[in-house]
Amino acid sequence: MATGRRRRTVYRKRRQNKLSMFLVTLVVIMILIVVAVKRTEIEAKMEVNQAKIEQLNGQIASEAARSEEIEQYEKYTQTKAYVEEIAHDKLGLVYEGEIIFRKEK
């Protein structure tokens with residue numbers, strides 16, 4: 001009779017062992033699926049963020065060019081040529097001896 005109990009105990013342990021292995025395998029597969037899904041989500045976010053980075057780099061380049069233009073204009077506004085241009089165009093001032101032709105209406 002002792003051998004019968006031993007066989008049942010061994011059979012029960014094997015059955016529990018197989019069930020445990022199946023459950024562990026199932027959990028590992030589920031974890032792998034979750035990791036794969038999260039990876040695709042992260043890759044999609046990375047693509048969106050990369051597009052934003054490229055857009056912002058373009059804006060930085062255009063703002064740098066604009067900044068350079070403003071610096072050049074600032075330097076130009078401090079020249080005598082700029083003062084003469086404004087005096088001539090906006091204030092209507094002319095050099096002594098300069099002849100102005102105006103169109104009659």
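Glu63 is partly exposed (20% to 50% relative accessible area, between buried at under 20% and exposed at over 50%, with a 1.4 Å probe and protein chains only), because its relative accessibility is 44%. Its partner is Arg66: the two form a salt bridge (a side-chain nitrogen of Lys or Arg within 4 Å of a carboxyl oxygen of Asp or Glu), with the closest N and O atoms 3.7 Å apart.

This is a predicted model, where local features need pLDDT of at least 70, side-chain atom pairs count only at pLDDT 80 or more, and totals for chains, interfaces and linings use all residues. Residues are numbered from 1 along each chain as its sequence is written, and side-chain values use heavy atoms, leaving out hydrogens and water.

**The chain overall**
- The protein chain has two helices and zero strands (DSSP runs: H or I of at least four residues for helices, E of at least two for strands, numbered from the N terminus).
- Of its 105 residues, 2% count as buried.

**Salt bridges**
- The count comes to three salt bridges.
- Arg66 and Glu63 sit three residues apart in helix H1, so about one helical turn separates them.
- Lys38 and Glu41 pair up at 3.7 Å, N to O, and these two also lie three residues apart in helix H1.
- Glu43 meets Arg39, with the closest N and O atoms 3.2 Å apart.
- Arg39 is exposed, at 56% relative accessible area, whereas Glu43 is partly exposed at 37%.

**One more residue to look at**
- Met30 lies in helix H1 and is partly exposed, with a relative accessible area of 49%.
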